[in-house]
Amino acid sequence: MDLTTVTGYRRPTSRDELVLAPGERFLAGGTWLFSEPNRDITGLVDLQAMGWPRLEVSRDGLTIGATCTIADLLALPPHVGWAAQPLFAEAANALLASFKIWNEATVVGNICRGFSAAAMLAACVTLDADAVVWTAGGEERIVPVAGLPTGNGTTTLAHGDLVREVRIGADALHARTALRKIALAELGRSGAVVTGRAHADGRTVIVVTAATLTPTVLRYAAPPPPAVARDDARAAAGFYTDALGAADWRRHVAGVLAAEVAEELA
Amino acid sequence: MRLDVDGAPVEGDPAPGQSLRTYLRGQGRFEVKKGCDAGDCGACTVLVDGAPVHSCLYPAVRAEGRAVTTAGGLAPGDEPHPVQDSFARHFAFQCGFCTPGMTVTASTLAEEDLPDLDRRLKGNLCRCTGYRPIREAVEHAVRGCGGGCLGCPSGQGDAPGDDAPVSARADVRPPAADRVVQGREPYTFDVDVPGLTHLKVLASPHAHARIVAIDASAALAMPGVHAVLTHEDAPVTRYSTARHANRLDDPRDTRILDSVVRFRGQRVAAVVADTPALAEAACAVIDVIYEVLPAVLDPEEARSPGAPLVHPALTPEDGVAEASRNVVASWRGGYGNVGRGLARATAVATGTWSNARVSHAQLETHGSIGWIDADGRLTLRTSTQVPFLTRDELALVLDLDPSTVRVFAARVGGGFGGKQEIFTEDIVALAVLRTGRPVAYEMTREEEFVRTATRHPFRVTATLGADSDGRLTAMDIEVLSNTGAYGNHAIGVMFHGCAESLEAYRSPAKRLHAEVVYTNTTPAGAFRGYGLGQVIFAVESALDDLALRLGIDPFELRRRNAVRDGDKLGVTERRHHEDLIFGSYGLDQCLDLAEAALRRGNGVEAPPGWAVGEGMALSMIATIPPRGHPATAAVTAFPDGTVEVAAGTVEFGNGTHTVLTQIAAEALGVAPGAVRLRTSDTDATSHDTGAWGSTGITVAGKAVHAAAVALRSLLDGGAPVPSEGLTAHGETDGKVRSLAFNVHAARVAVDVETGRVRILQSIQAADAGVVLNPAQCRGQIEGGVAQGIGSALYEEVLMGDHGSPTNPAFRVYRVPQMADVPETEVYFAQTSDSLGPLGAKSMSESPYNPVAPALANAIRRAIGARPMELPMTRDRVWRLAASVAPTPVRDAQPSDLR
């Protein structure tokens, strides 16, 4: 929809132009910004002209730039040895957003918006991704993606902070992964998503999103029996009730899905 | 900024925050529709450099230098794209508002997408069809069969150009099909009006408050703001937003703008300005001082002593029975001895069933454009089901002569009862009269939830007794309906809801106590089924409990108790009604057809470990709303062999235009292509009560039929056809009504661990009399079933602490997607109605009514616990299953039904 309070549109080409004035917001894909009236926004700062690489593949892993769309990520050719790569497509499918939205929506935007049901966040947290944050004050800090969300739609990012890129290490990308999702409708906005990754040496990570306000990360040195994963998932904090499901149901199905993920990864 | 749209260069700078959708529409590219404006529905889909995007989410600024393709430009020239041709051929639209975006999306799909079609099309919502024909249209187009394969519809109706005479019973394509699929059929806002100004509404933040003062000076000082309207500008005449043939059917409790607001979101003021953005900005600076009043949100509390009163000053003269208890109307009575009937029953089933508020979710939001025409008439182009009734009421409220008001509708993008109301026309009319300028008010999707109406939430306590043979001994029904802050349709929905639902069963004793109450919540209004579905959910659930307790097959239980041809009918008294007749009776056939289909099965298996159950329910409906539904029509023959049909009724996906064309064509022995329609305009004919209560065929069709038959006899008698045409008129008062029937049956699988419900088989049998245009009638049934599935399993307008919706967007209000709607087997009873035109009966509202109880009964038989609340969402079903048994019933088989 039209953002009727917006009066300015900037297209920076250098970092020093990325300083936000009050009321300005970064525009990456725009698919969330333009989906609500957002009447507190007076200016858009379009990141596209920065010319950042969308995806960078190296021996160290994968770097996802701030303007990389979900479609870009899914179009990345399969990389030898990266068993985790299909997780991105599964996560994209867990979004309510259709493939048409993927053409514009960015991976980093999904993370920065910080909704509990953000499936790109789920995938990146599952792969222990780090976020490179360009702070409003001109600093750079690197923080785990899992540490960004503070609630359903809130994050540690301050006004003017920018997630420049997300880095996923090769070690995580070599792990096998699994994803289970449930919503109140078959392809609806998620009520619970459980993702997992398992390494050849047995290290296993299971992550609950959508059901808990912030990602719940469970780590195991050896593959957990499904019943353990189930109980650990249900013991998490932050199950909540909203239009997408009741807290008691979310807790229960998070356990069901966690057991399925553990079983698939075992 | 320069870009290319459908192959032509376009120039013009967008506003910094503008979306591509409004930019394109501002360039006159009306193929790009607005359904949700939030990226959820897909109606605005376009291609940008070949990639499909939701243009409402696409920053217009970014379109610079790009090539944009709309539904109008998918194929060169005026030709439809193959996928569009396939949509037209497969009847893959009803209102057609979602169709341009749907076809743009589908045009990007390839053969490898077909197995995953549910997912590929999840970003496109269709509220009308139930998706089956869309799926078929896409599959056939992508496979490139060119319409010639065995699975494609064929026959007379399929002939492009409709150049041969055909029967009204043939599958003739809708006259607008080719324009609709390309986005070229204009809807309400698909028009360029010079000098158009825009209206936005300031909403009440309170559930109940008195407006002490409004200071609009800051708004009025803004350049480009033309007027701020408040209650001081509004006529004192009260009316109802609901429209019926008789304006006294609804309480006169509403002012265009009131000095007291009774629900959160109610209009407080309206701004008219040069742009929507400016009007919105002006609303934000209007200063209002409220005296907050106590509010009541719960309907039981509302009728309890001491409750805050919503309309304390209204009286029975205003159409409100007991304003002192917030009771708009009540219906109390009965016949026979219910106490004795229950005492002698072998089995008694009882419970209290409730349903959620549901949004119509028609993809075209409400809206009107008004202006003063060259003759000085107040003219409204509006998205309405009731142009004539709207004109009459506006004239009354604004103290105008009806002849100085014209109301008309272009093609309407879905209604489902939601447009049998005046939700925008009143304020636009006031604004036009005040400013003298053309004024548009197009609601946002959020406004649809907050400021129109929902389905009425009912609480129904049903207590049914039956003897050991399963014959009913008594029916005791209590109904409490919550109409919200205004009584639009409150009375009609309560009476209708309790009528055919209880009349459908023979019982020696019945008792009814029904009330509908005001609360300080979003108003409820007319919604497909008009109250019947709410009561039927309770009655059919209780009947299923009786069947279980008595060990009687549920189809058999219905056979033993349902009304039969010629029965006396009644809720509070049993008698023959002069105005309600069995014009034909096909309920017996419907029961047989549905049962046979369920027995036959469809080979779809449940996932391993899921519980399986079968359920069924029936419904009956009068083919016309009660107490008259007058309509007139004129049919004119011209010397060139063409025919013009002038009728009042509106096309909003009901298929009426097609059938009116066919009725006239058959009566006159001409090809449908020779028939032109002039409809949905107060200038088209003298009166039409409107397109509601499924009257498109039974009333408007009957008037057209009468006119066409009269014209035929003039022509057969040798009457000359002058150059201005030879006209005959037809009319009907719609006073006598027949009865139509539906039986729904389903086999479902339930995952008791998560509450997921999968419909394995979906069956509906319908008695529509003689079926006119079977492809369209099937579409009405499939669409009704899909909407029924939505209400049964998914949809709920959640009400917050202030009595207003907390999920006013499709991402959180779950309109069924393609993945949620299984294919429904549709069967027709073979009957011919003595009343309806060509033997036809109504079949638009009614398919919706038995769906929720059939699914509830199936779920009950799968998990062993009875759903009492709609929707049966996954969290509720999980909780319900967990409440009964540690080891769920996993092996219920068809034999369990007996």
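## Chain A and its domains

In this predicted model, nine residues of domain 1 of chain A are in contact with 15 residues of domain 2 of chain A. On the domain 1 side of that contact, six residues are nonpolar and three are polar, while no charged residue takes part.

Where do these domains lie along the chain? The domain assignment of chain A places domain 1 at 8-46, domain 2 at 54-170 and domain 3 at 172-265. Taken over C-alpha atoms, the centres of domain 1 and domain 2 of chain A are separated by 19 Å.

## Chain B and its domains

Let us turn to the other chain. Its assignment lists domain 1 (2-69), domain 2 (82-181), domain 3 (197-293 + 367-408 + 426-446), domain 4 (320-358 + 454-576), domain 5 (578-626 + 737-890) and domain 6 (631-732) of chain B.

Domain 3 and domain 5 of chain B have C-alpha centres 38 Å apart. Six residues from domain 3 of chain B and five residues from domain 5 of chain B make up the contact between them. On the domain 3 side, those residues divide into two nonpolar, one polar and three charged.

## A sheet in chain B

Chain B also holds an open sheet of four strands, in the order β21-β26-β27-β28, with mixed pairing. Which strands stand at the edges? They are β21 (611-622) and β28 (824-828) of chain B; each has a single partner strand, so one side of each is left without a neighbour in the sheet. On average, neighbouring strands of this sheet are turned by 15 degrees against each other, direction ignored.

A closer look at one pair helps. β21(B) and β26 (residues 739-751) of chain B run antiparallel and are joined by twelve bridges. For S619(B), the bridge partner in β26(B) is N742(B). Helix α21 (residues 851-863) of chain B packs on the sheet and touches β21, β26 and β27 (756-767) of chain B. The direction of this helix makes about 155 degrees with that of β21(B).

## Where the two chains meet

How many residues does each chain bring to the contact between chain B and chain A? Chain B brings 43 residues and chain A brings 38 residues. On the chain B side, β4 (51-54), α4 (117-120), α8 (276-284) and α22 (874-884) each supply at least two residues. The largest share, four residues, comes from β4(B).

By class, the side of chain B that touches chain A has 16 nonpolar, 15 polar and twelve charged residues.

Methods
Residues are numbered from 1 along each chain as its sequence is written. Chains are lettered from A and ligands numbered from 1 in the order in which they are written. This is a predicted model: local features need pLDDT of at least 70, side-chain atom pairs count only at pLDDT 80 or more; totals for chains, interfaces and linings use all residues. Domain bounds come from an automatic or database domain assignment. Two residues are in contact if their C-beta atoms, placed from the backbone, lie within 7 Å. Ala, Val, Leu, Ile, Met, Phe, Trp, Tyr, Cys and Pro count as nonpolar, Asp, Glu, Lys and Arg as charged, and the others, Gly among them, as polar. Two strands pair if DSSP finds at least two bridges between them. Axes are lines fitted to C-alpha atoms, for helices over the stretch in contact, and angles run from 0 to 180 degrees between N-to-C directions.
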